[in-house]
Amino acid sequence: MLDLSNHHQSIQVVIDKHSQKVKNEYRMRLEASIDVSRLLLQYGLPFQDIANACAKETLKAIIGDLNGDYFGILVDESKDISHKEQMALVLRFVNKNGEVVERFIGLVHVSDTSACSLKKAIYSLLSVHSLSPSKIRGQGYDGASNMKGEINGLKTLIMKDSPSAYYIHCFAHQLQLTLVAIAKKHLDVEDFFDHVSNVLNVVGGSFKRRDLLRDHQAKKLEQLFESGEVQKAKDYIKNVGFKTSDTRWGSHFKTLDSFIVIFSSIVHVLEMIELEGSTSSDRNQAEYLLTKIKTFKFIFVLHLMLKVLAMSNELSMILQKNDQDIVNAL
């Protein structure tokens with residue numbers, strides 16, 4: 001609901017940001033998709049068949065735009081909701097208009113994430129679209145050993161077949177790993193993130209606790225609107241999600257921002273668990289976390305790390321821009 005109500009994310013705003021030429025291309029694709037869907041619906045085909053047909057036409061257009069030329073591959077691993085390992089493949093190439101574009105090709109289930117399995121899956125997907133591995137001129141992955149390893153990593157295996165397929169470790173990913181490594185050398189900071197992680201696990205540990213958190217947030221929001229503190233209320237709506245990952249410290253920035261905004265709701269849920277927890281272990285854990293997050297040290301590091309991550313987050317966003325200006329980023 002919050003995503004849908006965000007005017008800045010609307011399709012119209014996104015289209016308005018682009019040139020007239022790009023707008024026309026978007027409209028052509030959209031109209032073509034609608035026409036295809038209408039035609040297929042007339043024949044009584046189920047939605048899944050329509051989606052598959054649209055996907056095939058889209059991929060055919062992407063391969064046609066590539067026109068048998070050289071390309072780079074961007075690969076990442078991802079689990080689906082049932083925890084099955086998947087590999088996502090994106091092609092990066094110069095299209096017929098001389099523009100550098102990135103196009104998502106597909107998700108492939110892999111039995112494991114070893115370099116050999118990933119290479120086999122990549123070659124298989126390229127083969128389906130009649131693309132030759134000899135045309136690969138670049139590889140972009142994260143820094144995991146199975147991806148960039150010098151002996152048996154995916155990078156090395158592909159370079160044996162295509163020596164010009166140079167590997168580049170994502171700049172933004174390197175920045176995140178550097179932040180993690182440096183921060184964890186400071187014991188107070190490492191302890192702080194451990195406490196934050198434990199609090200999030202406890203507070204979001206069940207539907208009942210998440211409902212408690214939401215109810216308290218709703219009451220707080222109502223109070224802010226009644227008192228006329230509109231901007232704080234907007235911040236409160238915006239900062240309600242928690243997600244952390246060592247390789248995406250932008251998520252840490254958003255989490256700490258949320259943590260500050262709904263701190264009172266977090267404390268409320270922990271106090272409820274301390275009093276009414278189903279086991280003594282739950283009650284003791286809630287009591288321990290309450291004593292930790294109410295200390296001066298925790299609050300100080302919370303605000304300190306939010307400021308540090310706000311600065312690094314800005315650099316991270318610049319490093320991930322498609323029209324990246326290296327001089328400006330430096």
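Which residue in E3 is the bridge partner of Gln86? The views below come from a predicted model, and the opening one gives the answer.

**View A. A hairpin built from strands E2 and E3.** Strand E2 covers residues 85–94 and strand E3 covers residues 100–109, and the two run antiparallel, joined by nine bridges. Look for Gln86: its bridge partner in E3 is His109. Five residues sit between the two strands of this hairpin. One residue to spot in the turn is Gly98, which has a positive phi of about 80°.

**View B. Two loop residues with a positive phi.** Here's the background: most residues other than glycine have a negative phi. Asn67 isn't a glycine, yet its phi is positive, at about 60°. You'll find Asn67 in the loop between helix H4 (47–66) and strand E1 (71–79). Its relative accessibility is 57%, so Asn67 counts as exposed. Now hop over to Ser130, another residue other than glycine with a positive phi, this one near 60°. Ser130 belongs to the loop between helix H5 (115–128) and E4. With a relative accessible area of 68%, Ser130 is exposed too.

**View C. Strand E4 and its partner E5.** Is strand E4 mostly buried or exposed? Five of the six residues in E4 (residues 136–141) are buried, so the rest of the structure largely encloses this strand. E4 runs parallel to strand E5 (residues 167–169), and three bridges hold the two together. One of the residues to find here is Tyr141, whose bridge partner in E5 is His169.

**View D. A tilted pair of tyrosines.** The structure has six aromatic pairs, and this view shows one of them. The ring centres of Tyr141 and Tyr167 are 5.7 Å apart and the ring planes meet at 35°, so this pair counts as tilted. Tyr141 comes from strand E4 and Tyr167 from strand E5, so the pair ties together parts that are 26 residues apart in sequence. Both Tyr141 and Tyr167 are buried.

**View E. A tilted pair of phenylalanines, and the cluster around them.** Phe259 and Phe298 make another tilted aromatic pair, with 5.8 Å from centre to centre and 50° between the planes. This pair links distant parts of the chain: Phe259 is in helix H12 (residues 249–261) and Phe298 is in helix H15, 39 residues apart. How accessible is Phe259? Its relative accessible area is 0%, so Phe259 is buried. Phe298 comes in at 4% relative accessibility, and that counts as buried as well. Zoom out a little and you'll see that ring pairs link Phe192, Phe193, Phe259, Phe263 and Phe298 into a cluster.

**View F. Gln174 and its side-chain contact.** Gln174 sits in helix H8 (residues 171–183). It's partly exposed, with a relative accessible area of 33%. Follow the side chain of Gln174 and you'll get to the backbone oxygen of His169, at 2.9 Å. That is the His169 we met in E5 as the bridge partner of Tyr141. Gln174 and Asp142 are 32 residues apart along the chain, but 8.3 Å separates their C-alpha atoms.

**View G. Arg209, a buried arginine in helix H10.** Arg209 is part of helix H10. Its relative accessible area is 17%, and buried means under 20%, so Arg209 makes the cut. A polar atom of the Arg209 side chain lies 3.0 Å from the backbone oxygen of Val202. What else does Arg209 touch, leaving aside its neighbours within four places in sequence? Besides Val202, it is in contact with Val203, Val269, Ile273 and Asp282.

**View H. Helix H14 and its buried face.** H14 runs over residues 280–293, which makes 14 residues. From first C-alpha to last it reaches 20 Å, close to the 20 Å expected at 1.5 Å a residue. Which residues of H14 are buried? They are Asp282, Ala286, Leu289, Leu290 and Ile293. Seen down the helix axis, these buried residues fall within an arc of 105°, so they line one face of H14. They pack against four helices: H9 (187–203), H10 (207–226), H13 (263–276) and H15 (296–319). Asp282 also appeared in the previous view, as one of the contacts of Arg209.

How values were computed: Residues numbered from 1 in each chain as written. Predicted model: local features only at pLDDT ≥ 70, side-chain atom pairs only at ≥ 80, totals over all residues. Heavy atoms only, no water. Expected span 1.5 Å × (residues − 1). Buried < 20%, exposed > 50% of the residue type's maximum accessible area, 1.4 Å probe, protein only. Arc of directions from axis to C-beta. Contact = heavy atoms within 4.5 Å. Pairing = 2+ DSSP bridges. Polar contact = N/O pair within 3.5 Å; in protein donor to acceptor, adjacent residues only side chain to side chain. Phe/Tyr/Trp six-rings, centres within 6.5 Å; stacked < 30°, edge-to-face > 60°.
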